[in-house]
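Colleague: I'm new to this one and would like a close look at a single part. Could you walk me through the place where the two chains meet, and what sits around it?

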2 protein chains.
Amino acid sequence: MSQTNTYNIAVVGATGAVGQKMLETLEDRNFPIKELKLLSSSRSAGKKMMYKGTEYTLEEATPESFDDVDIALFSAGGSVSKKLAPEAVKRGALVIDNTSAYRMDESVPLVVPEVNEEDIKNHNGIIANPNCSTIQMVAALEPIKQNLGMKRVIVSTYQAVSGAGNEAAEELREQSQAFLNGEELEASILPVSGDEKHFPIAFNALPQIDKFQENGYTFEEMKMINETKKIMHHSALHISATCVRLPFFTSHAESVYVEVEKDDVSVQQLKELVGSAPGIVLEDDPAVQSYPTPLSAAGKRDVFVGRIRKDLDHKNGFHLWVVSDNLLKGAAWNSVQIAERVVANQWL
Amino acid sequence: MSQTNTYNIAVVGATGAVGQKMLETLEDRNFPIKELKLLSSSRSAGKKMMYKGTEYTLEEATPESFDDVDIALFSAGGSVSKKLAPEAVKRGALVIDNTSAYRMDESVPLVVPEVNEEDIKNHNGIIANPNCSTIQMVAALEPIKQNLGMKRVIVSTYQAVSGAGNEAAEELREQSQAFLNGEELEASILPVSGDEKHFPIAFNALPQIDKFQENGYTFEEMKMINETKKIMHHSALHISATCVRLPFFTSHAESVYVEVEKDDVSVQQLKELVGSAPGIVLEDDPAVQSYPTPLSAAGKRDVFVGRIRKDLDHKNGFHLWVVSDNLLKGAAWNSVQIAERVVANQWL
């Protein structure tokens with residue numbers, strides 16, 4: 001098997017916010033596709049989507065859809081993955097799953113290629129793509145952990161509505177226009193489409209992403225906590241998270257506090273470490289107001305880091321501002337990147 | 001002197017975002033005013049504003065404006081306060097200054113009545129009103145410090161554009177409409193009107209409030225750090241801040257991590273402490289998605305606290321979500337509240 005081989009690829013949930021970006025990313029990366037199959041719910045079956053100038057018709061995803069599929073990219077919700085990923089594996093496909101269904105399953109590697117590419121080798125047919133807010137953070141923290149050791153992380157997030165899907169983005173758009181027109185705001189999607197209450201996101205901030213757990217944390221916060229430990233192979237890490245949904249469409253930003261093990265680390269050292277890490281772009285020069293923002297990072301595959309500075313009281317503490325396109329590195333690009341590493345390393 | 005006395009009040013910078021709220025708050029509180037004088041720059045002199053149904057004409061602020069004034073509420077920028085506050089004091093007025101001009105001056109009390117009302121007594125003619133993002137945080141932290149001791153604070157803020165004045169709010173409004181129309185965004189105010197570069201705030205997040213200092217922190221972040229220590233009389237406090245401007249009009253929100261000295265404190269204890277403190281409203285029940293947001297706090301004078309939970313790794317660590325109207329408790333109401341305490345305690 002060589003790099004010039006081509007593969008039968010299925011995209012499950014192609015019409016979703018992430019599914020659309022998966023198609024764009026496969027095209028941008030010129031992924032070696034033999035046959036492309038776009039799968040969806042019965043509701044979306046029959047719809048048309050374009051890939052490299054050719055029109056594809058969506059088919060309803062069934063177990064038999066995966067006959068002859070080499071790699072299946074899933075992004076159609078956890079229940080679809082639970083039901084169909086095992087069927088795809090049974091038929092010989094490698095599943096790269098963008099839902100939370102298998103992330104904490106011990107037999108499933110949870111992969112951010114810049115951090116734990118080697119874990120891919122241990123797959124049993126399924127590789128999980130982490131939560132969007134986790135991916136960009138661990139990519140930025142990995143060079144710190146590798147070189148300085150890492151004891152503690154406290155993160156507060158600033159997350160885009162597109163992480164809750166196309167309907168949430170549409171809700172922000174409609175509410176924003178209503179607000180500017182002086183009209184009443186109607187909320188029916190955010191903070192969580194499946195939860196009881198809905199609050200306006202336009203010109204607001206909602207400190208709830210996903211449902212609440214018994215311990216007072218949301219699932220999104222617990223995902224960041226648990227997934228980070230697993231991806232970084234660092235179960236002893238002290239880590240806490242507060243996740244907040246904000247009125248912008250694309251890119252998550254994160255205010256990250258990190259405590260390193262090594263003493264006497266300078267800001268300059270940290271900037272060099274982070275800036276030379278794969279997949280990271282350092283955008284950090286206060287003298288010329290250089291720092292990343294959600295708008296500046298949107299549409300790009302990299303993770304952008306700025307505002308690196310030392311805690312004024314804790315000698316091993318640093319603060320970072322981490323921004324990345326939640327639909328690209330946070331989802332579609334990380335999934336396609338896993339597929340690229342699988343193919344390049346013949347780990348299929 | 002009794003509570004039924006009335007006072008000659010001057011509002012300096014009456015046309016600004018905070019000045020307008022000062023007039024509304026004086027009216028809402030039925031402050032015992034004998035004569036009201038609205039002062040401004042020469043540019044705004046001659047404009048009319050309403051107070052209790054009566055039209056007032058703005059006069060240009062000069063040293064002589066303060067003859068016969070009992071209390072002068074300043075909110076017209078640091079340079080105006082630097083120039084005119086001493087002139088007002090010289091003429092016997094008590095100055096309550098909402099700018100950063102005198103906040104860290106050792107001879108000037110920096111006051112949040114719920115925290116350090118007694119400091120008012122030490123004034124030498126000027127009382128400083130703290131930075132908006134500081135006020136709401138110290139109000140929420142005071143019951144914690146008083147009852148449990150407080151070692152460390154790490155805060156990440158979510159700040160409204162009105163903190164940068166009416167022009168910034170107008171910029172958000174115009175950019176938001178342009179974005180929804182698919183037009184190019186023009187930025188000329190935010191993040192800092194006096195800085196070199198400007199970036200769009202609409203559907204974005206800007207990790208810069210005020211200019212950068214040599215140490216990589218912004219002035220806003222250093223204000224939170226230094227003012228908190230002064231107001232709370234806690235110079236040994238370890239505290240760090242990351243301040244971010246967001247696309248909403250009113251109320252700042254804050255993700256606050258706090259480490260207490262006392263061991264074995266439960267979340268329930270912390271909720272009871274915070275919820276029974278003056279000026280604080282506890283809005284915290286994950287089971288029914290109850291938590292404060294910028295929109296829900298706007299127009300109210302209280303500080304709202306929610307999402308109180310224990311850090312999962314640090315036994316003395318807790319996380320809080322603190323929201324308050326930045327123009328009311330963060331500025332106008334805190335200033336008027338100081339004036340009320342001055343009058344009630346005969347500390348003029």
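Modeller: Here is a tour of the contact between the chains, followed by a look at what lies behind it in chain A. Keep in mind that this is a predicted model.

Let's begin with how the two copies are arranged. Turn chain A by 180°, with a shift of 0.0 Å along the axis, and it can be laid on chain B with an RMSD of 0.0 Å. That is the relation of a two-fold axis. The same surface is used by both copies, as 100% of the contact residues of chain A recur in chain B.

How many residues does the contact take from each chain? It takes 66 residues from chain A and 66 residues from chain B. The size of an interface is often given as the accessible area lost when the parts come together. Between them, chain A and chain B bury about 5500 Å², with 58% of that on carbon and sulfur atoms. On the chain A side, the residues that lose the most area to chain B are Phe203(A), Gln289(A) and Arg307(A), which together make up 12% of what that side buries.

Now for the polar side of things. There are 41 residue pairs in polar contact between chain A and chain B, counting pairs with both residues at pLDDT 80 or more. Several elements of chain A each supply at least two residues of the side that touches chain B, including helix H5 (166–180), helix H6 (219–231), strand E9 (150–158) and strand E13 (303–310). H5(A) gives the largest share of that side, with six residues. Sorted by class, the side of chain A that touches chain B has 36 nonpolar, 17 polar and 13 charged residues.

What about charged pairs? Side chains of opposite charge can pair when their charged atoms come close. Eight salt bridges are counted between chain A and chain B. For one salt bridge to look at, find Glu221(A) and Arg309(B), whose side chains meet at 3.7 Å, N to O. Over all chains, the count comes to 36 salt bridges.

The loop between H5 and H6 of chain A is worth a slow look. Phe203(A), one of the residues that lose the most area to chain B, is found in this loop. Most residues other than glycine have a negative phi, and most peptide bonds are trans. Phe203(A) is not a glycine, yet it has a positive phi of about 50°. Pro191(A) lies in the loop between H5 and H6 too, and the peptide bond from Leu190(A) to Pro191(A) is cis, with omega near 5°. Over in chain B, a cis peptide bond joins Leu190(B) and Pro191(B), with omega about 5°; Pro191(B) lies in the loop between helix H5 (166–180) and helix H6 (219–231) of that chain.

Pro200(A) has its place in the loop between H5 and H6 of chain A as well. Which residues does Pro200(A) touch, not counting those up to four places away in sequence? Its partners are Gln175(A), Leu185(A), Ala187(A) and Leu206(A), plus Leu295(B) from the other chain. Pro247(A) is 47 residues from Pro200(A) along the chain, and their C-alpha atoms are separated by 9.5 Å.

Stepping back into chain A, the domain assignment gives domain 1 (7–130 + 331–344) and domain 2 (134–326). Their C-alpha centres lie 25 Å apart. In the contact between them, 23 residues of domain 1 meet 18 residues of domain 2. The two domains bury about 1600 Å² between them, 62% of it on carbon and sulfur atoms. In domain 1, Met104(A), Glu114(A) and Val115(A) lose the most area to domain 2, together 31% of what that side buries.

One salt bridge is counted between these domains, along with six residue pairs in polar contact, both residues being at pLDDT 80 or more. Helix H1 (17–28), helix H3 (113–116) and helix H9 (328–344) of chain A each supply at least two residues of the side of domain 1 that touches domain 2. That side has nine nonpolar, seven polar and seven charged residues.

A last stop is the salt bridge between Glu340(A) and Arg29(A), with their closest N and O atoms 2.7 Å apart. Glu340(A) lies in helix H9 and Arg29(A) in the loop between H1 and strand E2 (33–40) of chain A, so the pair ties together parts that are 311 residues apart in sequence.

Terms used. Residues numbered from 1 in each chain as written. Chains lettered and ligands numbered in written order. Predicted model: local features only at pLDDT ≥ 70, side-chain atom pairs only at ≥ 80, totals over all residues. Heavy atoms only, no water. Contact = heavy atoms within 4.5 Å. Buried area = accessible area lost by both parts, 1.4 Å probe. Salt bridge = Lys/Arg side-chain N within 4 Å of Asp/Glu carboxyl O. Polar contact = N/O pair within 3.5 Å; in protein donor to acceptor, adjacent residues only side chain to side chain. Helix = DSSP H or I, 4+ residues; strand = E, 2+ residues; numbered from the N terminus. Nonpolar A, V, L, I, M, F, W, Y, C, P; charged D, E, K, R; others polar. Domains from an automatic or database assignment. Least-squares fit on C-alpha atoms with pLDDT ≥ 70 in both.
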